[in-house]
Amino acid sequence: RIVAPALARHRPEAIVIACGFDASAMDPLGRMLLRAESFRALTQRAMAAADTLCEGRLALAHEGGYSEVHVPFCGHAVLEALSGSAITAPDPLSATIAARQPTLHWREACSAYIATLAAGFGL
């Protein structure tokens, strides 16, 4: 609700993403509760934006993530999305991470805050 409209407003010639996995739930520093599937979905959204806005020109550069256990699954999910590969590496920690997700009340509060930010940016 913020990034995609901001990108559309900017009209980029290409999209370059520093693709790190610090937001993985297993990252000892970030601990942002993302699963490998989250990174796949983010990659698919970036690809869709690139297709719409800049003829598919998209580059991702791996730049971080400190969970030796989880980064390979997150990275594979990104590569799977980029390549359109059907070769999957299911995230063995997905169920554990899903059980740690915020409550509906928290998600609703975050959604309202994001809407406020989007409106503040005129998006």
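The exercises below, each with a worked solution, concern a predicted model.

Residues are numbered from 1 along each chain as its sequence is written. Local features need pLDDT of at least 70 and side-chain atom pairs count only at pLDDT 80 or more, while totals for chains, interfaces and linings use all residues, and side-chain values use heavy atoms, with hydrogens and water left out.

**Exercise 1. Describe the surroundings of Asp-27.**

Step 1. Begin with the location: Asp-27 sits in the loop between strand S1 (15-20) and helix H2 (36-54), where strands (E, at least two residues) and helices (H or I, at least four) are DSSP runs numbered from the N terminus.

Step 2. Turn next to charge: Asp-27 is buried and yet has no salt bridge, since the nearest side chain of opposite charge, that of Arg-31, is 7.7 Å away. Buried here means under 20% relative accessible area, exposed over 50%, and partly exposed in between, with a 1.4 Å probe and protein chains only. A salt bridge requires a side-chain nitrogen of Lys or Arg within 4 Å of a carboxyl oxygen of Asp or Glu; Lys and Arg count as positive, Asp and Glu as negative, and His and the chain ends are not counted.

Step 3. Look then at the backbone: a polar atom of the Asp-27 side chain lies 2.8 Å from the backbone nitrogen of Gly-30, and the side chain of Asp-27 also reaches the backbone nitrogen of Tyr-66, at 2.7 Å.

Step 4. Finally, with neighbours within four places in sequence left aside, Asp-27 is in contact (heavy atoms within 4.5 Å) with Phe-21, Asp-22, Gly-65, Tyr-66 and Ser-67.

**Exercise 2. Place Pro-102 in the model and state whether Pro-102 is buried, partly exposed or exposed.**

Step 1. Pro-102 belongs to the loop between helix H4 (94-99) and H5.

Step 2. Pro-102 counts as partly exposed because its relative accessibility is 25%.

Step 3. Outside its neighbours within four places in sequence, Pro-102 is in contact with Leu-33 and Arg-107, whereas Ala-112, 10 residues from Pro-102 in sequence, is 15 Å from Pro-102 in space, C-alpha to C-alpha.

**Exercise 3. Compare the backbone setting of Arg-11 with that of Glu-55.**

Step 1. Recall that most residues other than glycine have a negative phi.

Step 2. Arg-11, although not a glycine, has a positive phi of about 55°, and Glu-55, likewise not a glycine, has a positive phi of about 55°.

Step 3. Arg-11 is found in the loop between H1 and S1, and Glu-55 in the loop between H2 and strand S2 (58-64).

Step 4. Arg-11 is exposed because its relative accessible area is 68%, and Glu-55 is exposed because its relative accessible area is 70%.

How values were computed
A polar contact is a pair of N or O atoms within 3.5 Å; within protein, one must be able to donate a hydrogen and the other to accept it, and residues adjacent in sequence count only if both atoms are side-chain atoms.
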